[in-house]
Amino acid sequence: MAEPSVNPLAEPLPDGIVPAEVIARTEKRWIKMMAAMLLIMLVVVVATGIAGAMHPPSNVEVIDPTTLHLRGEFVESNLGAASEPDGSVTVRLIAQQYEFVPRCVLLPAETPVMFRLTSADVVHGFLLPSTNVNTMVVPGFVAEVRTRFANVGEYAMPCHEFCGLGHHAMWAHVRVVPKDRFANPTAVQRANCE
Ligand SMILES: [Cu+2]
């Protein structure tokens with residue numbers, strides 16, 4: 001007498017073993033969730049890049065870090081904020097262990113501002129929270145960032161690349177004032193906030 005043949009795959013599984021079709025369904029659900037998250041992040045990156053100008057700076061410009069103080073646009077008398085003929089403002093800064101020179105920059109609101117920075121020694125970071133300004137300052141290169149301050153006020157400017165033992169104390173400030181209170185700064189004014 002032959003036993004009735006039973007398909008072992010059709011038998012109920014022992015406790016604790018999840019059926020293959022349940023696993024397949026769960027995995028498909030996770031794949032859909034991951035694809036949706038990637039899509040959302042991609043949209044955020046593109047939208048902030050276009051609307052808020054939040055993107056990595058693309059400027060590539062080399063400079064000799066050993067002669068910054070001797071000649072060229074980063075000599076001490078040329079640092080700080082300067083008004084341009086087209087009404088915009090250019091700010092030149094040097095990052096060095098453990099300070100930014102100058103330590104405070106006065107700027108007008110609602111005006112195109114271009115920051116140009118370079119490092120005199122090691123890699124530093126340049127960040128203005130609540131704006132699109134965020135870049136590395138690499139010795140030998142000029143970092144260039146364009147922004148426009150919508151709000152007046154004091155912006156803290158921390159170095160955000162670890163640059164040595166005094167890194168935590170490396171801060172500067174940007175003070176943004178109403179446009180009509182900003183005049184083309186004199187040689188002394190351009191390097192402080194008074
Ligand atoms: Cu630092």
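**Exercise 1.** Which residues does Leu-117 touch, not counting residues up to four places away in sequence? Place this residue in the core of the predicted model.

*Solution.* Begin with the contacts: Leu-117 touches Leu-93, Ala-95, Phe-126, Val-137 and Ala-143, once residues up to four places away in sequence are left out. Next, turn to the largest nonpolar core, which has 31 residues, and in which Leu-117 belongs, with Val-91, Leu-93, Ala-95, Leu-107 and Phe-115, to those that touch the most other members. Then ask for the strands behind this core: strand 2 (89-96), strand 4 (104-108), strand 5 (112-119), strand 8 (143-148) and strand 10 (171-177) each supply at least two of its residues, and the largest share, five residues, comes from strand 2.

**Exercise 2.** Find where the cis peptide bonds at Tyr-98 and Pro-102 lie.

*Solution.* One cis bond joins Gln-97 and Tyr-98, with omega about -5°, and Tyr-98 lies in the loop between strand 2 and strand 3 (99-101). Another cis bond joins Val-101 and Pro-102, again with omega about -5°, and Pro-102 is placed in the loop between strand 3 and strand 4. Most peptide bonds are trans.

**Exercise 3.** Decide whether Ala-53 and Ser-130, which have positive phi, are exposed or partly exposed.

*Solution.* Ala-53, with phi near 55°, sits in the loop between helix 1 (20-51) and strand 1 (80-83). Because Ala-53 has 14 C-beta neighbours inside 10 Å, it counts as partly exposed. Ser-130, whose phi is about 70°, sits in the loop between strand 6 (124-127) and strand 7 (134-137). Ser-130 has 11 such neighbours inside 10 Å and therefore counts as exposed, the limit being 12 or fewer.

Terms used
Residues are numbered from 1 along each chain as its sequence is written. This is a predicted model: local features need pLDDT of at least 70, side-chain atom pairs count only at pLDDT 80 or more; totals for chains, interfaces and linings use all residues. A nonpolar core is a set of buried Ala, Val, Leu, Ile, Met, Phe, Trp, Tyr and Cys residues joined through C-beta atoms within 7 Å. A residue is buried if 20 or more other C-beta atoms lie within 10 Å of its own, exposed if 12 or fewer, and partly exposed in between; C-beta atoms are placed from the backbone. Helices (H or I, at least four residues) and strands (E, at least two) are DSSP runs, numbered from the N terminus. Two residues are in contact if their C-beta atoms, placed from the backbone, lie within 7 Å.
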